[in-house]
Amino acid sequence: MGTQNSDLRTGGRIHGYEITNIVELPEIRAFFYELIHPASGARHIHISNQDPDNTFSVAFKTVPADSTGVAHILEHTVLCGSRKYPVRDPFFSMIKRSLNTFMNALTSSDWTMYPFSTHNPKDYFNLMGVYLDAAFFPKLDRLSFKQEGHRLEFEPGDNAGESGHLAYKGVVYNEMKGAMSSPDQIMSRSILNALYPDTTYGFNSGGDPAEIPGLTHNQLIAFHQHHYHPSNAFFYTYGNLPLAATLQFIEKNALVHFDRMDPKTDVPSQPRWDGPKTATYYYPIDENDDPARKSQVCLAWLTSDIREAFDVLTLNVLEQVLMGNAGSPLRKALIDSELGSTLSDGAGFDGENKDTMFACGLKDVDPASADAIEKIILDTLADLVKNGVDREMVESAIHQIEFHQKEVTNSPYPYGIKLLLRLSGSWFHHGDPITALKFDALIHRLFEELDKGPFLENQIRKFFMDNPHRVRLILAPDKTLSEKETLRVREELKKIQSRLSQPEIDAIMSDAEALERLQESKEDLACLPTLQITDITPDIPIVSESNGYDGTAACYELPTSGIFYLTAAVGLEPLPSGLLPLMPLFCHALTRCGTARHTYAEIAHLLDLYTGGLGLSVVAGTRFDKDRGHDCMPMMTFSAKCLSRNIEKMYELIRELLCEFTFTDHQRLKNLLLEYRSDMESAVVSSGHRFAISLASRPFSAAGTLNENWHGIHQLKALKTMTDGINDERVAAIAADLSRIAACLLKANNITIGLIGESGDLKKAAEFTKSLEAQLGMGKTAGFAPPDVPFQNTPVREGWSTASSVSFVASVFETQSLTHEHAPALAAISKMLRSLFLHREIREKGGAYGGFASYQPENGLFCFGSYRDPHIVNTLNVYDAAADFITSGDFDMEDIKEAILQVCAEIDRPDTPNSAAQKAFYRKLTGLADDIRKTFKKRLLVLDREKVLAVARLYFGPGKAPSSVAVISSEEALKSAAARMTGGGLKLYRI
């Protein structure tokens with residue numbers, strides 16, 4: 001547990017700061033310190049504990065008054081050089097000079113945040129110095145603004161030396177074009193625009209592509225001067241490093257240069273309406289898609305002020321009660337109506353804004369159903385007010401909140417940053433941040449109110465039934481929207497171009513040349529701090545099994561804060577190959593279809609009441625055993641977790657789900673199919689780079705083919721085939737197949753189990769595991785043998801079309817896997833290519849949001865990818881040029897050292913006890929011995945220029961293996977690219 005420093009006391013002073021509050025947090029073994037720096041007005045929260053993964057963040061209230069994206073573009077531009085570090089891109093340069101576990105910058109609706117985490121103390125102060133200088137003393141030069149925000153450039157003309165038409169370019173401009181192609185993003189922003197028309201939340205803080213070109217460089221500078229001041233700053237630190245040294249560093253490097261002022265960034269409350277309103281917004285769909293039942297309908301309410309901690313807790317509980325699981329009354333009523341496939345995007349309680357909000361509705365609906373959907377929502381709420389909320393549902397909701405407050409995880413962010421995000425909303429709006437971390441008193445008050453009478457029923461009436469600040473919002477598809485936006489931009493640019501004087505034309509061309517010179521220039525990065533190879537531990541993190549426990553399960557005795565974890569791997573060897581394509585649906589449906597004893601709604605309620613979650617997934621991995629190395633190893637993974645007091649209840653549920661499975665509720669199964677399809681469709685544009693890499697990877701191995709068929713575009717195509725024109729007969733056939741899968745796989749001799757927790761929990765769980773195995777029984781066949789899955793073994797060149805205004809471009813080829821002596825050099829080369837070449841060519845010059853290389857050591861594939869990219873052909877040419885660059889030897893030992901640091905940052909990333917044990921469990925299963933990992937790191941740390949260059953020339957030189965290419969973009973962009981490409985073009989498909 002974190003220990004309180006006796007020198008730190010409430011009212012005490014330290015390095016110019018005054019300590020205003022100290023609170024012990026026994027649940028997370030920490031102490032909370034709140035401080036103010038009176039001279040500058042800076043606020044600071046520190047959470048002290050024994051976690052070596054230390055976190056720093058500085059955040060600013062940023063309240064835009066338009067949708068030009070000024071806060072977002074500023075977030076990018078402050079990271080393009082500062083007073084102490086006047087290099088082109090210190091942020092990305094520090095990624096490769098660091099062992100960080102997280103580095104990023106985030107723009108929300110009303111704040112901008114610069115957080116990082118690292119487990120290396122030297123690195124912590126290195127990164128803090130760069131972050132402070134970037135935030136408070138950035139260069140904000142004109143060319144960086146043009147690169148990151150927006151600019152006009154002439155595209156090349158048809159004839160050599162001739163300038164063509166004008167085009168908008170810029171990293172944020174293209175990022176937001178991609179964001180505004182995504183229905184889920186459009187829905188979330190539309191709700192804010194409709195519900196908060198009179199405050200900053202009504203604007204698009206990321207930037208609307210139609211308005212971004214209106215932002216000027218001077219407006220950017222003015223926004224920084226006003227908002228990026230210590231009086232408007234919220235500093236946060238977390239971990240085991242002493243607070244005093246951090247405060248001294250911040251004061252010396254930032255605060256002493258400023259005087260306190262009133263930033264006037266408080267967000268006013270949205271004026272309340274007298275009656276409900278309606279609004280309709282639109283999103284683009286592909287012209288070949290059927291727009292029928294492709295709308296979303298939701299009701300959204302403005303609820304409490306974020307500073308009202310008890311109201312916020314109550315609304316969190318109501319969200320869980322009403323919509324938290326499949327049996328929750330509002331969710332169930334909506335899904336059972338069959339008017340849509342799944343909950344609308346943005347559904348739930350949002351407690352981040354000054355005025356909080358609650359939304360619920362349906363996706364994949366006919367807009368004519370809006371009245372019916374509104375009636376279902378209001379009738380369900382009225383019924384709960386009239387007939388009461390089940391007390392057990394309330395306890396289930398509170399249990400979920402308690403569990404997730406108690407659990408320590410590093411996903412999707414390091415734990416220190418997760419705590420920051422949990423408390424930031426209240427803190428930034430002058431609420432009490434401690435209530436987000438320690439709310440025992442609020443829970444006690446809630447139970448007191450529940451005991452007095454119909455408390456939650458009255459809250460439903462207050463926040464929903466009697467609340468006139470409500471909007472009914474429809475998000476409808478528009479086949480012509482993309483074309484109309486393209487024509488609008490084309491006409492706008494044509495008009496601008498027609499009015500340009502010759503000096504203005506010369507200035508645009510001069511700026512383009514100057515920016516290219518800047519991007520091409522070699523920089524001396526010596527001013528930036530860096531770690532050395534000697535700062536890297538040669539060891540690797542190892543977790544070993546614990547002895548002394550009965551049974552066949554692997555046991556890992558670790559401090560897990562009163563939470564018990566079960567993880568299991570299920571072999572697919574017994575499964576007939578014809579059922580393999582249904583495995584993702586089986587994983588999605590098994591825990592959601594009910595059992596012979598309980599309905600799906602009852603099971604959902606019991607899981608929420610007694611567990612922190614129970615999930616299944618399917619994956620095709622690779623074996624590392626000497627005798628079976630590189631064999632495909634498909635498996636279904638099963639995981640469950642609970643508070644220590646609920647272990648027996650959790651095992652009862654696991655036994656029921658695995659031994660008494662049933663898929664006889666065909667209506668429920670049909671709803672799950674439609675929900676699963678909808679979720680996959682939503683993911684395409686937001687994760688297009690991952691889908692493109694999966695498509696390009698599939699020809700090279702059985703594992704690649706299986707993973708694409710299970711998780712990629714081919715799974716989505718299979719779901720579309722299953723659900724288009726779905727009828728009772730087809731659902732019954734699918735249900736029968738799912739039952740066959742369960743009967744084949746769910747046998748004790750086909751399941752390998754791992755148990756993770758504290759000693760007493762493991763002893764109990766080991767006994768329950770033996771009982772579970774006895775009830776499962778034995779199967780005739782079992783194991784993890786590779787299935788007979790045919791794969792092409794020849795590269796593809798494909799384009800897959802969808803409604804997107806940007807592209808995702810992937811190119812993949814074969815090298816060597818983890819056990820080969822060249823693997824460390826290939827891992828380093830992937831980092832060097834990203835930092836030395838691709839970032840410049842694809843992001844800075846090309847304007848894509850991201851361009852990267854990655855080496856996949858488990859299968860030896862080397863991948864190039866781009867994200868939210870305005871180009872296709874140019875990006876593929878860059879990938880080819882990347883091979884020329886790395887084989888030219890235009891790099892030195894400093895570049896190699898930085899690549900080694902980046903690889904080690906991934907290898908040595910701290911894990912929570914549960915995560916570390918789960919990785920050890922699956923490494924043992926696949927034969928990935930610790931000696932293999934040690935050898936890889938040992939070889940990595942002794943890489944030199946000669947070794948890296950030799951490996952580069954072997955795999956990227958004239959004998960380079962042929963690449964497989966996959967692009968996801970609009971049909972128009974793909975056809976245009978295919979016509980311009982040499983070497984076979986692209987074979988085009990529709991998603």
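Visitor: How many bridges join strand 14 (residues 342-343) to strand 16?

Guide: Two bridges join them, and the two strands run antiparallel. Bear in mind that the model is predicted. To read a pairing, take the bridges one at a time and see who faces whom. Here Thr342 stands opposite Lys363 in strand 16.

Visitor: Which residues does strand 16 span, and how many of them are buried?

Guide: Strand 16 covers residues 355-365, and 11 of its 11 residues are buried, so it is mostly covered. Buried here means under 20% relative accessible area.

Visitor: In which sense does strand 13 run against strand 16?

Guide: Strand 13 (residues 295-305) runs antiparallel to strand 16, and nine bridges join the two. Within strand 16, Met357 has Leu302 opposite it.

Visitor: How many bridges does strand 15 form with strand 16?

Guide: Three bridges, again in the antiparallel sense, with strand 15 at residues 348-350. Asp350 is opposite Met357 of strand 16. Met357 thus appears on both lists, facing Leu302 and Asp350.

Visitor: How many residues lie between strand 15 and strand 16 in their hairpin?

Guide: Four residues separate the two strands of that hairpin.

Visitor: Now a whole sheet. What is the order of the strands in the open sheet of six strands?

Guide: The order is 25-26-24-27-23-28, and the pairing is mixed. To find the edges, look for strands that pair on one side only: these are strand 25 (850-856) and strand 28 (987-990). On average, neighbouring strands of this sheet are turned by 15 degrees against each other, direction ignored.

Visitor: In which sense do strand 23 and strand 27 pair?

Guide: Strand 23 (residues 797-801) and strand 27 (residues 964-969) pair in the parallel sense, over five bridges. For one bridge, look at Glu798, whose partner in strand 27 is Ala966.

Visitor: Is strand 21 enclosed or open to the outside?

Guide: Count its buried residues. The count is 10 of 12, so strand 21 is largely enclosed by the rest of the structure. Strand 19 pairs with strand 21 in the antiparallel sense over nine bridges, and Leu566 stands opposite Ala640 in strand 21. Strand 20 (residues 613-622) also runs antiparallel to strand 21, joined to it by 10 bridges. In that pairing Gly613 faces Lys641 of strand 21.

Visitor: Next, internal space. How many cavities of 30 Å³ or more are there?

Guide: There are two. The largest cavity holds about 80 Å³ of space, and the second largest about 40 Å³.

Visitor: Which residues lie nearest the centre of the largest cavity?

Guide: Ala568, Val570, Phe638, Leu658 and Ile751 do, from a lining of 13 residues. To place a lining in the fold, ask which elements supply it. At least two residues each come from strand 19 (563-571), strand 21 (632-643), helix 20 (647-659), strand 22 (751-757) and helix 26 (759-776). Strand 19 gives the most, with three residues. By class the lining has 13 nonpolar residues, no polar and no charged.

Visitor: Which residues line the second largest cavity?

Guide: Val78, Leu79, Pro90, Phe91, Met94, Met103, Val130, Tyr131 and Ala134 line the second largest cavity. Helix 2 (90-95) and helix 3 (121-136) are the elements that give two or more residues to this lining. Its residues divide into nine nonpolar, no polar and no charged.

Visitor: How many disulfides does a search of the whole structure find?

Guide: Zero. To call a disulfide, the two cysteine sulfur atoms must lie within 2.5 Å. For Cys632, which is in no disulfide, the nearest cysteine sulfur is that of Cys587, 15 Å away. Cys632 counts as buried, at 9% relative accessibility. Cys863 is also in no disulfide; the sulfur of Cys632, the nearest cysteine sulfur, is 17 Å away. Cys863 counts as buried too, at 0% relative accessibility.

Visitor: Last, a helix. Which residues of helix 24 are buried?

Guide: In helix 24 (residues 713-723) they are Ile713, Gln715, Leu716, Leu719, Lys720, Met722 and Thr723. To see what follows a helix, check the backbone angles past its end. Gly725 follows helix 24, and its phi is positive, near 65 degrees.

Methods. Residues are numbered from 1 along each chain as its sequence is written. This is a predicted model: local features need pLDDT of at least 70, side-chain atom pairs count only at pLDDT 80 or more; totals for chains, interfaces and linings use all residues. Side-chain values use heavy atoms; hydrogens and water are left out. On a 1 Å grid over the protein atoms alone, a cavity is a set of points where a 1.4 Å probe fits but cannot get out, and a pocket is an open set with protein on both sides within 12 Å along at least five of seven lines; lining residues have an atom within 4 Å of a point. Grid points are joined across faces, edges and corners, and a volume is the space filled by probe spheres set on the points. Ala, Val, Leu, Ile, Met, Phe, Trp, Tyr, Cys and Pro count as nonpolar, Asp, Glu, Lys and Arg as charged, and the others, Gly among them, as polar. Buried means under 20% relative accessible area, exposed over 50%, partly exposed in between (1.4 Å probe, protein chains only). Two strands pair if DSSP finds at least two bridges between them. Axes are lines fitted to C-alpha atoms, for helices over the stretch in contact, and angles run from 0 to 180 degrees between N-to-C directions.
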